[in-house]
Amino acid sequence: MNLCLFVIDLQNGFITQNTSHVIQRIKSLLEQKIFEYVIFTRFINTFDSPYVRYLNWNKLFSDTERKLVDEIEPFANVVFNKTIYTGCNEETLIFLKKRDIDTVFICGIDTEACVLKTAIDFFENNINPYILEYYSASNGGENFHQAAILVLSQLIGRSNIISEPIDKFDISKYL
């Protein structure tokens with residue numbers, strides 16, 4: 001089985017006091033080399049985006065904000081840019097299909113937005129998503145993070161939420 005880790009938007013512009021703790025957690029996960037494939041997404045905001053137009057959210061325009069965090073960048077061999085919440089798009093679906101990947105482990109920022117939307121979209125495209133709760137966070141804080149986990153447990157299944165840290169020795173119990 002081809003194991004794939006999907007790291008959502010671990011970018012400077014999303015790192016705050018509510019999310020900074022996941023950087024080292026994700027780095028330690030990557031250092032274990034559990035996954036044959038690791039995909040990163042990078043959110044690119046645009047001046048005519050719905051985030052600007054409807055939410056008045058004016059971030060992630062500069063190269064510094066858009067840049068993947070320094071600690072993670074050495075691991076970022078496959079990066080897909082996106083301009084919407086989901087990281088599940090035609091480009092990523094083609095990538096997964098060509099490699100016969102039908103299960104993805106998802107982590108990153110923000111649990112209630114991009115992580116949630118990506119997981120649901122993979123689920124609806126018949127790709128089994130596992131949420132790595134310990135390796136995900138929300139800028140809105142722990143309440144938003146936990147609300148997303150609760151919703152995801154209903155939408156993709158409680159058994160697809162992994163709450164504890166994982167390592168190469170126990171990953172198989174989830175497959």
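**View 1. Aspartate 70 is exposed, with a relative accessible area of 53%.** In this predicted model, aspartate 70 forms a salt bridge with lysine 67, and the closest N and O atoms of the pair are 2.3 Å apart. Lysine 67 is partly exposed, at a relative accessible area of 27%. The cut-off for the exposed class is over 50%, so aspartate 70, at 53%, falls within that class.

**View 2. Lysine 67 also forms a salt bridge with glutamate 73.** The N to O distance for this pair is 3.0 Å. Glutamate 73 is partly exposed, and its relative accessible area is 36%. Through shared partners, the salt bridges join Lys67, Asp70 and Glu73 into one network.

**View 3. Glutamate 31 and lysine 27 meet through their side chains in a salt bridge.** The distance from N to O is 3.8 Å. Because the two residues are 4 residues apart in helix 1, about one helical turn separates glutamate 31 from lysine 27. Glutamate 31 is partly exposed, with a relative accessible area of 46%. Lysine 27 is likewise partly exposed, with a value of 24%. A search of the whole structure finds 5 salt bridges, among them the one between glutamate 31 and lysine 27.

**View 4. An open sheet is formed by 6 strands with parallel pairing.** The strand order is 3-2-1-4-5-6. Strand 3 (79-82) and strand 6 (161-162) stand at the edges. Each of these edge strands has a single partner strand, so one side of each is left without a neighbour in the sheet.

**View 5. Strand 2 and strand 3 pair in the parallel sense.** Strand 2 covers residues 37-43, and its pairing with strand 3 runs over 4 bridges. Arginine 42 stands opposite asparagine 81 of strand 3.

**View 6. Helix 1 packs on the sheet.** Helix 1 spans residues 21-31 and touches strand 1 (4-8), strand 2, strand 4 (103-109) and strand 5 (128-137). The direction of helix 1 makes about 130° with that of strand 5. The salt bridge partners glutamate 31 and lysine 27 both belong to helix 1.

**View 7. Helix 5 lies across strand 1, strand 3, strand 4 and strand 5.** Helix 5 consists of residues 111-124. Helix 5 runs at about 165° to strand 4. Among the strands that helix 5 lies across is strand 3, which stands at an edge of the sheet.

Definitions and conventions
Residues are numbered from 1 along each chain as its sequence is written. This is a predicted model: local features need pLDDT of at least 70, side-chain atom pairs count only at pLDDT 80 or more; totals for chains, interfaces and linings use all residues. Side-chain values use heavy atoms; hydrogens and water are left out. Two strands pair if DSSP finds at least two bridges between them. Contact means heavy atoms within 4.5 Å. Axes are lines fitted to C-alpha atoms, for helices over the stretch in contact, and angles run from 0 to 180 degrees between N-to-C directions. A salt bridge is a side-chain nitrogen of Lys or Arg within 4 Å of a carboxyl oxygen of Asp or Glu. Buried means under 20% relative accessible area, exposed over 50%, partly exposed in between (1.4 Å probe, protein chains only).
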